[in-house]
Amino acid sequence: MIVGLIVNPVAGLGGAVALKGSDGPDIQARALALGAVPRAAERAAAALRALRARRPDVLVRTVAGPMGEDSARAAGVPYRIAHRPPATSMSTGAADPRTSTGAADPRTSTGAADPRTSTGAADTRAAVAALGEVDLLLFAGGDGTARDVLDAGPRPPVLGVPAGVKVYSGCFAVSPAAAGATAAGFDGRTVDAEVVDLDEEGHRAGLVGARLYGTLRVPAARDRLSGRKTGSSAAPPGSAESIARAVVAGMRPGTAYALGPGATTLAVGRALGLALTPLGVDVVRDGALLAPDVTEQRLHAIAMSQVTHGVLSVIGGQGFVIGRGNQQFSPRVLAALAGVVVLATQQKLAALGGRPLLVDSGDPRADAAFEGHVRVVTGHRESVLYRISSASEELS
């Protein structure tokens, strides 16, 4: 089995540091300056480990350096380098003369010296073209990376390994482990999955609206695909406000509440008379704004210094509670919280069709702590118990 691998090494950089995305060299440099840690390579390696555990005969065709080679080496899978972009000309690995395409077109290079910040859309498109025919092309990134893969016009089926801040497209597996397991069991059957993306500048300004860019062929494995994010337009008027009243009524004096992104949590802010950050994490206490638009580091400091609860909404159509657009709730933050309140309209839960709510914090132990059932606030004096699982739990 020959699997292609492309990694966007800067995917996800902006999440934990409250930048709401990672597109563009300026944002990437700012994220690194704020202490962001690249995570895409690690998540790609996790997918490869799950793949090889089920298909020992797999051979990975990939890109030199941080765009794939580093992940393949970390996972211990056999690989061949098929492409060397200019940003990785100093890679430690040697190109295989049987598969190497030679030097990449310098027009696709961003010219940055740091390989973590030198990967752009042109690099991804060039890599897709260079990898050629493979049984399945894995790519690690977010919605922006999915757009780049789409623009390259890939002929083989593809599957996304979720590693970005925004992972709203339907072409991603629910977790890295699920991506590896899906790749291992791929039998050639495919379905079309939508690629959507947000304008990050508008995203940061609170103008939320996804645009459909096209579709990609992905393995027909519905239970392991995240599905496309859907909005809350189907909910009856007043649903979010009803949930908000319930949350505010349950707030305890002297306790801090970290409100994650989402339309429902914005309604909580309105019920408190506060203007919250549309796509950020804000901390409130005793009806006042304690800390706006916090980073993971700031949220951890707050949770360690006082009793703090997380208030998180469910992503429509996908069911994610943690790990999609709210990377400030890292494993160490989750461990420090006194509790988590989950919010969703009844319509949003019904649309999941019985699929569980999902957690993908990046730490299997932290995710496992949530497995079981969680009480979901669905309205004023209304709640339901709903199953919640690690996104990597069910892989058989």
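Colleague: Before we look inside the protein, what counts as a cavity?

Modeller: A cavity is a set of grid points where a 1.4 Å probe fits but cannot get out. Keep in mind that this is a predicted model.

Colleague: How many cavities of 30 Å³ or more does a search of the whole structure find?

Modeller: The search finds 1. The largest cavity has a volume of about 30 Å³.

Colleague: Which residues line the largest cavity?

Modeller: Start with L259, G260, P261 and G262, which are among them. The lining also includes T265, L266, L276, T277, P278, G280 and D282. By class, that lining has 5 nonpolar, 5 polar and 1 charged residues.

Colleague: Now the whole protein. How many helices and strands are there?

Modeller: The protein has 13 helices and 16 strands. Of its 396 residues, 57% count as buried. Here, buried means under 20% relative accessible area.

Colleague: What share of the contacts between residues at least 6 apart in sequence join residues at least 24 apart?

Modeller: That share is 65%.

Colleague: Let's turn to sheets. How do strands of a sheet pair?

Modeller: They pair through backbone hydrogen bonds, either parallel or antiparallel. Take the open sheet of 5 strands in this model: its order is 3-2-1-4-5, and the pairing is parallel.

Colleague: Why is one side of strand 3 and of strand 5 left without a neighbour in the sheet?

Modeller: Strand 3 (79-83) and strand 5 (158-162) stand at the edges, and each has a single partner strand, so one side of each lacks a neighbour in the sheet. From one strand to the next, the twist averages 25 degrees.

Colleague: Where does strand 5 meet its partner, strand 4?

Modeller: Strand 4 covers residues 136-141, and 5 bridges join it to strand 5 in parallel. To find the pairing on screen, look for G141, which stands opposite P162 in strand 5.

Colleague: Which helix packs on the sheet, touching strand 4 and strand 5?

Modeller: Helix 5 (residues 143-151) does, and its direction makes about 145 degrees with that of strand 4. Helix 6 (residues 176-184) lies across strand 4 and strand 5 as well, running at about 160 degrees to strand 5.

Colleague: And further along the chain, which strand do 5 bridges join to strand 11?

Modeller: Strand 13 (residues 339-343) is joined to strand 11 (residues 308-313), and the two run parallel. V311 stands opposite V341 in strand 13. Strand 13 also pairs with strand 15 (residues 372-379), in the parallel sense over 2 bridges. There, V342 stands opposite V376 in strand 15.

Technical notes
Residues are numbered from 1 along each chain as its sequence is written. This is a predicted model: local features need pLDDT of at least 70, side-chain atom pairs count only at pLDDT 80 or more; totals for chains, interfaces and linings use all residues. Side-chain values use heavy atoms; hydrogens and water are left out. Two strands pair if DSSP finds at least two bridges between them. Helices (H or I, at least four residues) and strands (E, at least two) are DSSP runs, numbered from the N terminus. Axes are lines fitted to C-alpha atoms, for helices over the stretch in contact, and angles run from 0 to 180 degrees between N-to-C directions. Contact means heavy atoms within 4.5 Å. On a 1 Å grid over the protein atoms alone, a cavity is a set of points where a 1.4 Å probe fits but cannot get out, and a pocket is an open set with protein on both sides within 12 Å along at least five of seven lines; lining residues have an atom within 4 Å of a point. Grid points are joined across faces, edges and corners, and a volume is the space filled by probe spheres set on the points. Ala, Val, Leu, Ile, Met, Phe, Trp, Tyr, Cys and Pro count as nonpolar, Asp, Glu, Lys and Arg as charged, and the others, Gly among them, as polar. Buried means under 20% relative accessible area, exposed over 50%, partly exposed in between (1.4 Å probe, protein chains only).
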